[in-house]
Each structure stands twice: as C-alpha cells, then as structure tokens.
Amino acid sequence: MPILRLWFDEELELKQDFRLSRRAIKALQGLLHREHDHGWGNQLETLIYVYWLAHGLSYRVVSSVFNVPKATVHRIIHKVAQNIWVKLKNVIFFPRAEELQAVGQGFVELSRTPAFKNVVGAIDGTHIRIKPPRQHQIDYLNYKGFYSISMQAICDSSGRFLDIFVGYPGSVHHTRVLKNSSFYRTQRYPPTGFIILGDGSYPCLDTPVCLITPYKEPVNGQVQGRFNYYHSRGRSIIERAFGIMKTRWRSTLFKALEVKPTFAPQVIASCAFLHNVGLDNGDFLEPDDDISREMFDSEPPREAMARTETSGNGTRDRLAALVSSIVQDP
C-alpha cells in the first residue's frame with residue numbers, strides 16, 4: 001500500500017498526506033499507546049485516524065487507501081477518538097503556578113505592553129459546521145446562519161490550548177457556554193491576581209473568573225482607545241489558534257462535519273488535542289487566508305452579567321490607566 005510505504009520510509013516527510021510531521025505523529029502514537037493493544041495495532045490505528053481527519057474522507061475511501069474493511073475503519077476512528085477524549089488532560093492543561101510568570105511574559109511580548117504581565121490566557125468560542133441533524137435542527141443554527149457545534153477554548157500566548165469545552169449547539173450564546181464550562185463553575189483559572197482576555201461578546205468580570213473585555217465602541221477618550229488596541233493584540237492569539245487548527249484539519253473542519261452530532265464533540269476535541277501535539281513537536285503552520293478572515297467575523301451581542309458575578313470594569317479601568325502611563329500612543 002503506497003500510504004504505508006510512505007510511513008515506513010523514514011526519509012520521507014508525512015505532512016502533505018497526514019497534515020502532521022513524522023515527529024508529531026510518533027509523539028501522538030506514544031501518547032495513545034496502551035499496554036494491551038490488540039487488533040490492527042496502535043501505529044496503524046493512529047495513521048488511519050489522522051489520515052481520515054486530514055482529508056475529510058468517507059470511511060469507504062479510507063478503507064480503500066489502507067486496504068482494511070470499511071467496518072474496521074469505522075471502529076478504529078471511533079476507538080481512537082474515544083482514546084483521545086479520555087486523554088485530553090494529558091495534553092490540554094492549565095500551567096502550573098511556577099509557570100504563570102512566563103505565560104504572562106508571553107502576553108507582554110504579544111501585546112507589546114508590560115501592563116499585561118498578569119495576563120495568562122485568551123478565551124473565545126468558535127463554530128464548527130455540521131450537517132443539520134434530523135432532530136432539534138433549530139438548536140444548531142447559529143447567529144451566522146449555519147448549523148454548528150460550539151467550541152470554547154483558552155490558549156496561552158503561543159496559541160497552545162490550555163482548556164477546551166465543546167459540544168453545545170451553535171445557537172447557544174458564548175456567555176452561556178462560558179457559564180456552563182468547568183473552569184468557570186469550579187473557578188479553576190485564572191488564579192487570584194491574574195486575568196484572561198475575552199472579546200466583547202463576554203461580560204467584563206472580576207468574579208467568579210477575572211475576564212477582561214475591551215471597552216464598548218465607540219470608546220470614550222484616548223485611554224480607552226489605547227487599551228482596546230493593546231487588548232486586541234493580546235487577545236487575537238486565540239483567533240489565530242482557532243485559525244491554525246482549522247487550517248490543519250480544514251478538510252474536516254472547514255466544511256460540514258460528516259458525523260453524528262453525538263460523535264462530533266470527540267472529533268472536534270481531538271483536533272484541538274492534535275493542535276497541541278503539533279506545537280509541542282515543532283510542527284507549525286500559518287492559518288490560511290480564508291480561514292483567518294472567518295475568524296474575524298462579527299461577534300454575537302454581549303449578554304448582561306448574572307447576579308452571582310461582579311463587574312471587572314474597575315480592574316479594566318486600572319489596567320487601561322497603566323497602559324496609558326507606560327505608552328502614550330499605539
């Protein structure tokens with residue numbers, strides 16, 4: 001089989017066919033290895049799954065490429081996706097306390113202002129297209145006018161995902177997704193004294209999580225304008241991370257996902273998992289222009305704060321004043 005000859009020739013690169021480098025795929029196989037692997041074996045199963053993601057093909061076509069039965073391809077794809085789902089926290093996790101200073105320095109360099117030294121993440125949501133399900137179709141119709149499943153993520157200044165929350169239908173507002181996510185409900189991140197950046201679709205909060213958003217346009221004066229400029233520089237990394245993930249797996253993610261909505265969250269989560277595996281193994285790429293443009297589409301309208309939340313406006317004002325005291329103009 002040509003695809004396996006490609007794999008077993010160590011001199012050949014794999015990225016064109018698998019969208020991941022050989023080093024990243026070997027690291028992935030190590031992460032997914034199980035002591036009692038049976039059947040086709042971990043190596044082949046991982047290759048089949050990554051190839052399926054890379055090309056967005058039907059099980060029948062993948063079956064032909066690897067010369068294995070279609071039913072086996074179906075079983076392998078669900079098995080590997082479940083294995084990744086179980087091991088998400090091995091690759092997608094928040095930094096340790098001793099790493100927070102370095103994370104903050106990354107956002108200083110990204111935003112180009114030392115005022116953001118306590119920023120330890122950027123949060124946003126993205127929509128993954130799906131075919132409209134037979135039941136509850138309207139629940140999956142998002143504000144952009146297509147059917148989708150929502151993915152919320154927090155990333156660091158390198159675009160590495162620190163947390164993901166995926167599975168809500170596309171009609172659900174970003175704020176509701178936020179309030180049902182585990183990091184928000186358990187107040188796990190960011191630690192006291194640190195903040196994460198979000199866009200204008202989120203409320204500006206001090207508690208239960210410190211999430212700082214830009215000032216509403218039109219801004220009131222230069223202080224607010226400067227803050228929004230540097231805030232945008234820091235926060236845009238999450239849009240870039242989504243763009244890179246969708247570019248790497250564009251054959252699967254940039255069209256309607258051809259799996260059942262009940263299985264889609266595992267597939268989407270595995271794309272985020274593989275995004276981190278790629279970055280961790282020096283496998284970088286630039287987001288495609290058309291995907292980058294989609295990332296900067298309009299935001300959903302902002303929702304009001306809940307009674308259990310406290311406003312972050314005071315924290316934002318102090319941060320804006322600090323930004324202006326350090327640099328006068330963007």
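Begin by selecting Arg-129 and Phe-146 in this predicted model, where the charged end of Arg-129 sits over the ring of Phe-146, 3.9 Å from its centre. Then select Arg-160 together with Phe-93, since a charged end and a ring meet here too: that of Arg-160 sits over the ring of Phe-93, 4.9 Å from its centre.

Next, turn to the aromatic pairs, of which the structure holds ten. Select Phe-116 and Phe-227, whose ring centres are 6.1 Å apart and whose planes stand at 70 degrees, so that the pair is edge-to-face. This pair links distant parts of the chain, 111 residues apart, with Phe-116 in the loop between helix H7 (100-111) and strand E1 (119-129) and Phe-227 in helix H10 (residues 222-248). Phe-116 is buried, at a relative accessible area of 0%, and Phe-227 is likewise buried, at 0%.

Keep Phe-227 selected and add Tyr-215, which forms an edge-to-face pair with Phe-227, 5.6 Å centre to centre and with 75 degrees between the planes. Tyr-215 lies in the loop between strand E6 (211-212) and H10, while Phe-227 is in helix H10, so this pair ties together parts that are twelve residues apart in sequence. Tyr-215 is buried, with a relative accessible area of 8%.

Now select Phe-18, Tyr-51 and Phe-66, which ring pairs link into a cluster. Beyond its neighbours within four places in sequence, Phe-66 is in contact with residues including Met-1, Leu-44 and Ile-48.

Finally, widen the view to the largest nonpolar core, which has 95 residues, and among those with the most contacts inside it are Phe-18, Phe-66 and Trp-249. Domain 1 (3-90) and domain 2 (97-326) both give residues to this core, so it lies between them.

How values were computed: Residues are numbered from 1 along each chain as its sequence is written. This is a predicted model: local features need pLDDT of at least 70, side-chain atom pairs count only at pLDDT 80 or more; totals for chains, interfaces and linings use all residues. Side-chain values use heavy atoms; hydrogens and water are left out. A nonpolar core is a set of buried Ala, Val, Leu, Ile, Met, Phe, Trp, Tyr and Cys residues joined through side-chain atoms within 4.5 Å. Buried means under 20% relative accessible area, exposed over 50%, partly exposed in between (1.4 Å probe, protein chains only). Domain bounds come from an automatic or database domain assignment. Contact means heavy atoms within 4.5 Å. Rings of Phe, Tyr and Trp (its six-membered ring) pair if their centres lie within 6.5 Å; planes under 30 degrees apart count as stacked, over 60 as edge-to-face and the rest as tilted. Helices (H or I, at least four residues) and strands (E, at least two) are DSSP runs, numbered from the N terminus. A charge sits over a ring if NZ of Lys or CZ of Arg is within 6 Å of the ring centre and within 35 degrees of the ring normal.
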